[in-house]
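Open your viewer and keep the selection box handy. We will go from stop to stop, picking residues and looking at what surrounds them.

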Amino acid sequence: SLFAADADVAEIAWLEWAMARAFTSRDASVMTFGQFAAGTAFYDEDGWANLGLKFLPGTEIATTHFDLPQLWRSLQPDEQVPASHRLVEAASIVVWREAETPVFKSLSGEEGRCLEKMIAGMRFEKICVWLGRRHAKEEAAHRAGSMLRHWLDLGLVEGIVKEG
């Protein structure tokens, strides 16, 4: 109740709690891009439409209205608190664990919403359809593919969820 009017404090508290949960999550291996490419090499249109992903244990995502990486850094000794840390447009923050260390990264609001949907079990085709409502067909496909590659490069994916 001490900081009830300070939304930035609530977001930083969420970040710290999500990092604590990520730290205590079970160990898992990260799927490399090569493993993903091999696992999807023979996918046809139906295979890609039904693609689901299993994300690392402890992966969490939330919408943020503040620059949480900047705020987090400002909590370090000898750092200045930024004068303004409210974002012009809402973004997302994803938390996961790399080896023994919880980490986080800011994502655009659109990528964050897509990642949130995939974490919840939505199939890749539905992500493409959702993006297709916002962008031209080729742009939507490009964005979906770029996001998928980004999640693999970040090390968020544990594996492919088989159809059924």
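A residue counts as buried when its relative accessible area is under 20%, as exposed when that area is over 50%, and as partly exposed in between. Keep in mind that this is a predicted model.

**Stop one: a pair between helix and strand.** Select R21, which is partly exposed because its relative accessible area is 26%. Now add E60: the two side chains form a salt bridge, 2.5 Å from N to O. E60 counts as buried, at 19% relative accessibility. R21 belongs to helix α1 and E60 to strand β2 (residues 60-66), so the pair ties together parts that are 39 residues apart in sequence.

**Stop two: the start of α1.** Stay with helix α1 (residues 7-23) and pick A7. A7 is partly exposed, at 39% relative accessibility. Measure from its C-alpha to that of F66 and you should find 8.6 Å, although 59 residues separate the two in sequence.

**Stop three: a small network.** Next, show R26 and E158, whose closest N and O atoms are 3.2 Å apart in a salt bridge. R26 sits in the loop between α1 and α2 (33-40), while E158 is in strand β5, 132 residues away in sequence. R26 is partly exposed, with a relative accessible area of 45%. Add K54 to the selection: salt bridges with shared partners join R26, K54 and E158 into one network.

**Stop four: two packed helices.** Color α5 and α7. At what angle do they pack? The angle is about 70°, and the axes are 11 Å apart. The two helices are therefore roughly perpendicular to each other. To see the contact, select E110, E111, C114, L115 and M118 of α5 together with R143, M147, H150 and W151 of α7. These residues divide into five nonpolar, one polar and three charged. Zoom in on E110 and R143, which form a salt bridge with closest N and O atoms 2.6 Å apart. E110 is buried, at 13% relative accessible area, whereas R143 is partly exposed, at 29%.

**Last stop: the nonpolar interior.** Which residues have the most contacts inside the largest nonpolar core? They are L53 and W151, in a core of 28 residues. Helix α7 gives the most to this core, with seven residues. Center on L53 and, leaving aside neighbours within four places in sequence, look for its contacts with F36, M118, L148, W151, V157, G159 and V161. Then move to a second, separate core of eleven residues, which includes I12, L15, M19 and I93.

Methods: Residues are numbered from 1 along each chain as its sequence is written. This is a predicted model: local features need pLDDT of at least 70, side-chain atom pairs count only at pLDDT 80 or more; totals for chains, interfaces and linings use all residues. Side-chain values use heavy atoms; hydrogens and water are left out. A nonpolar core is a set of buried Ala, Val, Leu, Ile, Met, Phe, Trp, Tyr and Cys residues joined through side-chain atoms within 4.5 Å. Buried means under 20% relative accessible area, exposed over 50%, partly exposed in between (1.4 Å probe, protein chains only). Helices (H or I, at least four residues) and strands (E, at least two) are DSSP runs, numbered from the N terminus. Contact means heavy atoms within 4.5 Å. Axes are lines fitted to C-alpha atoms, for helices over the stretch in contact, and angles run from 0 to 180 degrees between N-to-C directions. Angles under 35 degrees count as roughly parallel, over 145 as roughly antiparallel, 65 to 115 as roughly perpendicular and the rest as oblique. Ala, Val, Leu, Ile, Met, Phe, Trp, Tyr, Cys and Pro count as nonpolar, Asp, Glu, Lys and Arg as charged, and the others, Gly among them, as polar. A salt bridge is a side-chain nitrogen of Lys or Arg within 4 Å of a carboxyl oxygen of Asp or Glu.
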